[in-house]
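Here's a quick briefing on charged pairs and one histidine. Have a look at the structure first, then read on.

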Amino acid sequence: MSSHTVEPSLPTTSGIPESPLAGAQLERTTRPPAARFPRRLAELVDTHALTLLRATVGIVFVGFGMLKLFPSASPAEQLAVDAATKMTLGLVPETVLLLSLAALETAIGIGLIIGRRLLRPALVAFFLHMGGVFSTLFLLPDAMWQPHSPAPTMEGQYVVKNVVLVAVCLVVAAHEWSRGSGNRSRRR
């Protein structure tokens with residue numbers, strides 16, 4: 001005759017969802033505070049990622065737009081004026097072009113920072129402005145590209161780096177425009 005003993009076991013939780021509080025409680029008891037910081041920071045950034053992206057691009061635009069209000073303060077001032085002069089066929093005075101660019105960039109920045117009803121017009125203006133910015137690569141090839149090389153000059157690099165801003169605004173725009181179609185809930 002064989003005997004067999006059954007050892008007590010913990011109840012299984014398969015099929016029963018774990019409470020979010022249980023995981024947080026376990027984390028508090030098992031991880032030191034310094035180890036919890038990266039996770040909490042990641043959760044905070046994830047929650048506010050779109051706002052963070054909008055605000056940072058907005059701050060960049062307000063900053064560079066404001067620089068154009070002060071003579072010779074913007075490192076891209078002459079480049080912007082030269083490109084805009086070519087685009088307007090020289091029909092608009094340089095001072096008007098520079099002030100217009102300053103106002104446009106500042107308005108785009110404010111629209112991105114504030115969001116809400118200003119966000120969509122700011123995004124449209126942003127993408128139109130980027131079309132003008134990238135056109136300098138073709139309108140001013142001597143200033144944008146090193147001679148006999150496909151490498152951009154310092155000014156060309158200043159223009160090309162805007163692909164990062166375009167990517168950020170594409171993400172923001174995709175979220176904003178998908179919200180309008182009812183696919184996503186409203187988050188701000």
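How many residues apart are Arg179 and Glu176, and in which helix do both lie? They sit three residues apart in helix H9, which is about one turn of the helix. Keep in mind that this is a predicted model. The salt-bridge count comes to four, and the notes below go through some of these pairs before turning to His129.

**The Arg120, Glu176 and Arg179 network**

- Arg179 and Glu176 pair up through their side chains in a salt bridge, at 3.0 Å from N to O.
- Salt bridges with shared partners link Arg120, Glu176 and Arg179 into one network.
- Glu176 also meets Arg120 in a salt bridge, again listed at 3.0 Å, N to O.
- Because Glu176 belongs to helix H9 (residues 162-180) and Arg120 to helix H6, this pair ties together parts that are 56 residues apart in sequence.

**How accessible the network residues are**

- Glu176 is buried, with a relative accessibility of 3%.
- Arg179 has a relative accessible area of 15%, so with the buried class set at under 20%, Arg179 counts as buried.
- Arg120 comes out as partly exposed, at 31% relative accessibility.

**The Arg39 and Glu43 pair**

- Arg39 makes a salt bridge with Glu43, and their closest N and O atoms are 3.6 Å apart.
- Why are Arg39 and Glu43 separated by about one helical turn? Because they are four residues apart in helix H2 (residues 33-47).
- Both ends of this pair have some exposure to report: Arg39 is partly exposed at 42% relative accessibility, and Glu43 is partly exposed at 44%.

**His129 in helix H6**

- His129 is part of helix H6, which covers residues 116-139.
- Is His129 buried or exposed? His129 is buried, and its relative accessible area is 9%.
- Which residues is His129 in contact with, once neighbours within four places in sequence are left aside? The contacts are Phe61, Leu101, Leu104, Glu105 and Ile108.
- Helix H6 comes up twice in this briefing, as Arg120 of the salt-bridge network lies there and so does His129.

Terms used:
Residues are numbered from 1 along each chain as its sequence is written. This is a predicted model: local features need pLDDT of at least 70, side-chain atom pairs count only at pLDDT 80 or more; totals for chains, interfaces and linings use all residues. Side-chain values use heavy atoms; hydrogens and water are left out. Helices (H or I, at least four residues) and strands (E, at least two) are DSSP runs, numbered from the N terminus. Buried means under 20% relative accessible area, exposed over 50%, partly exposed in between (1.4 Å probe, protein chains only). Contact means heavy atoms within 4.5 Å.
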